[in-house]
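Hi,

Here is the structure I promised to pass on. Have a look at it first, and then read my notes below.

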Amino acid sequence: MYQLPYWVWPTVLLTVCALAVWRGRDDERLAAGGQLANWALSILLVRTTTGGVASSGPQWGVLAADAAFLILLLWIALRSDRYWPLFAAAFHLLVVSVHIGRIVDPRISGWAYITAGLVFAYLVLVTIGYGAWTAPRHDGASARLSEDPGATRR
(Lines give C-alpha, C1' and ligand atoms only; values in the text may rest on other atoms or scores of the structure.)
Protein backbone atom coordinates (compact mmCIF):
# COMPACT_ATOMS: atom_id res chain seq x y z
CA MET A 1 0.00 0.00 0.00
CA TYR A 2 1.40 3.40 -1.01
CA GLN A 3 1.31 6.36 1.35
CA LEU A 4 2.10 9.96 0.47
CA PRO A 5 5.05 11.44 2.34
CA TYR A 6 4.07 13.46 5.40
CA TRP A 7 5.28 16.73 3.88
CA VAL A 8 2.94 16.70 0.84
CA TRP A 9 -0.19 17.99 2.61
CA PRO A 10 1.50 20.96 4.36
CA THR A 11 3.31 21.87 1.13
CA VAL A 12 0.11 21.85 -0.94
CA LEU A 13 -1.81 23.68 1.79
CA LEU A 14 0.78 26.43 2.17
CA THR A 15 1.07 26.76 -1.62
CA VAL A 16 -2.70 27.26 -1.91
CA CYS A 17 -2.62 29.76 0.98
CA ALA A 18 0.18 31.71 -0.72
CA LEU A 19 -1.75 31.63 -4.00
CA ALA A 20 -4.86 32.93 -2.22
CA VAL A 21 -2.88 35.79 -0.68
CA TRP A 22 -1.20 36.62 -3.99
CA ARG A 23 -4.08 36.36 -6.47
CA GLY A 24 -7.23 35.78 -4.46
CA ARG A 25 -9.94 38.08 -3.25
CA ASP A 26 -11.43 38.10 0.24
CA ASP A 27 -13.42 34.87 -0.29
CA GLU A 28 -10.37 32.90 -1.44
CA ARG A 29 -8.22 34.26 1.39
CA LEU A 30 -10.89 33.49 3.98
CA ALA A 31 -11.36 29.93 2.68
CA ALA A 32 -7.60 29.27 2.58
CA GLY A 33 -7.15 30.72 6.07
CA GLY A 34 -10.06 28.61 7.30
CA GLN A 35 -8.48 25.48 5.85
CA LEU A 36 -5.15 26.36 7.46
CA ALA A 37 -6.84 26.94 10.83
CA ASN A 38 -8.83 23.71 10.46
CA TRP A 39 -5.63 21.76 9.79
CA ALA A 40 -3.82 23.28 12.78
CA LEU A 41 -6.81 22.71 15.07
CA SER A 42 -7.17 19.12 13.85
CA ILE A 43 -3.50 18.40 14.64
CA LEU A 44 -3.95 19.91 18.10
CA LEU A 45 -7.10 17.89 18.75
CA VAL A 46 -5.56 14.61 17.58
CA ARG A 47 -2.49 15.16 19.75
CA THR A 48 -4.49 16.02 22.87
CA THR A 49 -7.21 13.36 22.52
CA THR A 50 -5.20 10.37 21.28
CA GLY A 51 -1.82 11.06 22.79
CA GLY A 52 -0.28 12.06 19.46
CA VAL A 53 -1.17 8.87 17.59
CA ALA A 54 -3.61 9.16 14.71
CA SER A 55 -6.47 6.78 15.32
CA SER A 56 -8.61 5.07 12.71
CA GLY A 57 -11.64 5.39 14.99
CA PRO A 58 -14.09 8.27 14.91
CA GLN A 59 -12.33 11.50 15.80
CA TRP A 60 -14.95 13.64 17.51
CA GLY A 61 -12.83 16.75 17.91
CA VAL A 62 -11.77 16.70 14.28
CA LEU A 63 -15.43 16.24 13.31
CA ALA A 64 -16.29 19.41 15.26
CA ALA A 65 -13.46 21.35 13.59
CA ASP A 66 -14.53 20.08 10.16
CA ALA A 67 -18.16 21.01 10.86
CA ALA A 68 -17.09 24.56 11.79
CA PHE A 69 -15.06 24.83 8.57
CA LEU A 70 -18.07 23.53 6.61
CA ILE A 71 -20.20 26.31 8.09
CA LEU A 72 -17.57 28.85 6.99
CA LEU A 73 -17.49 27.42 3.45
CA LEU A 74 -21.29 27.43 3.25
CA TRP A 75 -21.34 31.06 4.37
CA ILE A 76 -18.79 31.96 1.69
CA ALA A 77 -20.75 30.00 -0.93
CA LEU A 78 -24.03 31.73 -0.10
CA ARG A 79 -22.61 35.23 -0.41
CA SER A 80 -20.15 34.73 -3.27
CA ASP A 81 -20.74 35.59 -6.91
CA ARG A 82 -18.60 32.63 -8.05
CA TYR A 83 -19.21 28.90 -8.28
CA TRP A 84 -15.99 27.53 -6.74
CA PRO A 85 -17.24 27.99 -3.12
CA LEU A 86 -20.18 25.70 -3.87
CA PHE A 87 -17.78 22.96 -4.93
CA ALA A 88 -15.49 23.56 -1.95
CA ALA A 89 -18.45 23.34 0.43
CA ALA A 90 -19.71 20.20 -1.32
CA PHE A 91 -16.34 18.46 -1.08
CA HIS A 92 -16.02 19.43 2.57
CA LEU A 93 -19.55 18.17 3.21
CA LEU A 94 -18.22 14.83 1.97
CA VAL A 95 -15.40 15.08 4.55
CA VAL A 96 -17.96 15.58 7.31
CA SER A 97 -20.11 12.78 5.86
CA VAL A 98 -17.14 10.41 6.06
CA HIS A 99 -16.85 11.16 9.79
CA ILE A 100 -20.57 10.58 10.28
CA GLY A 101 -20.47 7.39 8.20
CA ARG A 102 -17.67 6.00 10.38
CA ILE A 103 -19.66 6.83 13.52
CA VAL A 104 -22.85 5.25 12.18
CA ASP A 105 -21.13 2.12 10.84
CA PRO A 106 -17.95 1.17 12.73
CA ARG A 107 -17.39 -1.68 10.24
CA ILE A 108 -16.04 0.88 7.76
CA SER A 109 -12.34 0.20 7.75
CA GLY A 110 -9.93 2.73 9.18
CA TRP A 111 -8.09 2.80 5.85
CA ALA A 112 -11.27 3.76 3.97
CA TYR A 113 -12.17 6.37 6.61
CA ILE A 114 -8.80 8.10 6.53
CA THR A 115 -8.28 7.82 2.76
CA ALA A 116 -11.70 9.20 1.86
CA GLY A 117 -11.21 12.12 4.22
CA LEU A 118 -7.83 12.91 2.67
CA VAL A 119 -9.04 12.66 -0.92
CA PHE A 120 -11.93 15.04 -0.29
CA ALA A 121 -9.68 17.43 1.68
CA TYR A 122 -7.30 17.62 -1.29
CA LEU A 123 -10.28 18.33 -3.55
CA VAL A 124 -11.26 21.24 -1.27
CA LEU A 125 -7.71 22.59 -1.61
CA VAL A 126 -7.76 22.21 -5.40
CA THR A 127 -11.06 24.09 -5.50
CA ILE A 128 -9.77 26.95 -3.33
CA GLY A 129 -6.61 27.07 -5.45
CA TYR A 130 -8.70 27.28 -8.62
CA GLY A 131 -10.76 30.09 -7.12
CA ALA A 132 -7.63 32.01 -6.15
CA TRP A 133 -5.95 31.49 -9.52
CA THR A 134 -8.96 32.68 -11.50
CA ALA A 135 -9.98 35.52 -9.13
CA PRO A 136 -8.28 38.35 -11.06
CA ARG A 137 -10.12 37.35 -14.22
CA HIS A 138 -13.48 37.68 -12.45
CA ASP A 139 -12.93 41.07 -10.81
CA GLY A 140 -14.13 43.01 -13.85
CA ALA A 141 -16.87 40.51 -14.63
CA SER A 142 -18.43 40.99 -11.18
CA ALA A 143 -18.68 44.72 -11.69
CA ARG A 144 -20.31 44.26 -15.10
CA LEU A 145 -22.77 41.68 -13.75
CA SER A 146 -24.08 43.99 -11.05
CA GLU A 147 -24.83 46.64 -13.67
CA ASP A 148 -26.69 44.39 -16.11
CA PRO A 149 -30.38 43.98 -15.33
CA GLY A 150 -31.32 40.32 -15.24
CA ALA A 151 -27.68 39.20 -15.13
CA THR A 152 -26.98 35.74 -13.82
CA ARG A 153 -24.37 34.45 -11.42
CA ARG A 154 -21.00 33.43 -12.88
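What follows is a walk through what turned up, from the overall fold down to single residues.

Before anything else, keep in mind that this is a predicted model.

**The overall picture**

The chain is helical: it has five helices and zero strands, so to speak an α-α-α-α-α run from the N terminus on. There are 154 residues, and 38% of them count as buried. The accessible surface comes to about 9100 Å², with 69% of that belonging to carbon and sulfur atoms. As for contacts, take those between residues at least 6 apart in sequence: 72% of them join residues at least 24 apart.

**Two helices with a buried side**

Start with α1, which covers residues 8–23. Its 16 residues reach 22 Å from the first C-alpha to the last, close to the 22 Å expected at 1.5 Å a residue. The buried residues here are Val 8, Trp 9, Leu 13, Val 16, Cys 17, Leu 19 and Ala 20. Around the axis they cover an arc of only 160 degrees, which puts them on the same side of α1. On the face turned away from that buried side, you will find Val 21 and Trp 22 exposed.

Then there is α3, residues 60–79. This helix has 20 residues and spans 29 Å between its first and last C-alpha, close to the 28 Å expected at 1.5 Å a residue. Its buried set is Val 62, Leu 63, Ala 65, Asp 66, Phe 69, Leu 70, Leu 73, Ile 76 and Ala 77. Looking down the axis of α3, these fall within an arc of 160 degrees, so they line one face of the helix. Trp 60, Ala 64, Ile 71 and Leu 78 are exposed on the other side.

The general background fits in one line: an α-helix has 3.6 residues a turn, so residues three or four places apart point the same way.

**Salt bridges**

How many salt bridges does a search of the whole structure find? It finds four. Here are three of them, each joining side chains that sit far apart in the sequence.

- Asp 81 and Arg 25 meet at 3.3 Å, N to O. Asp 81 lies in the loop between α3 and α4, and Arg 25 in the loop between α1 and α2, so the pair ties together parts that are 56 residues apart in sequence. Asp 81 is partly exposed at 26% relative accessibility, while Arg 25 is buried at 19%. The cut-off for buried is under 20%.
- Asp 27 pairs with Arg 79, with 2.7 Å between the closest N and O atoms. The pair links helix α2, where Asp 27 sits, to helix α3, which holds Arg 79, and the two residues are 52 apart. Asp 27 is buried, with a relative accessible area of 10%, whereas Arg 79 is partly exposed at 47%.
- Arg 82 and Glu 28 form a bridge at 3.1 Å, N to O. Arg 82 is in the loop between α3 and α4 and Glu 28 is in helix α2, so this pair ties together parts that are 54 residues apart in sequence. Both of these residues are buried.

**A few spots to click on**

Which residues make the nonpolar surface patch of about 310 Å²? Tyr 83, Leu 86 and Phe 87 do. Phe 87 is found in helix α4, residues 84–104.

Val 98 is in helix α4 too, and is buried with a relative accessible area of 16%. Leaving out residues up to four places away in sequence, Val 98 touches Tyr 113, Ala 116, Gly 117 and Phe 120. Gly 117 is 19 residues along the chain from Val 98, and their C-alpha atoms are separated by 6.4 Å.

Over in helix α2 there is Leu 41, partly exposed with a relative accessible area of 39%. Leu 41 is 25 residues from Asp 66 in sequence, with 9.5 Å between the two C-alpha atoms. Asp 66 is one of the buried residues of α3.

Cheers

Methods. Residues numbered from 1 in each chain as written. Predicted model: local features only at pLDDT ≥ 70, side-chain atom pairs only at ≥ 80, totals over all residues. Heavy atoms only, no water. Patch = residues over 30% accessible without salt bridge, like charges linked within 9 Å, V, L, I, M, F, W, Y side chains within 5 Å. Areas by Shrake-Rupley, 256 points an atom, 1.4 Å probe, with all protein chains shown as cover. Salt bridge = Lys/Arg side-chain N within 4 Å of Asp/Glu carboxyl O. Helix = DSSP H or I, 4+ residues; strand = E, 2+ residues; numbered from the N terminus. Buried < 20%, exposed > 50% of the residue type's maximum accessible area, 1.4 Å probe, protein only. Expected span 1.5 Å × (residues − 1). Arc of directions from axis to C-beta. Contact = heavy atoms within 4.5 Å.
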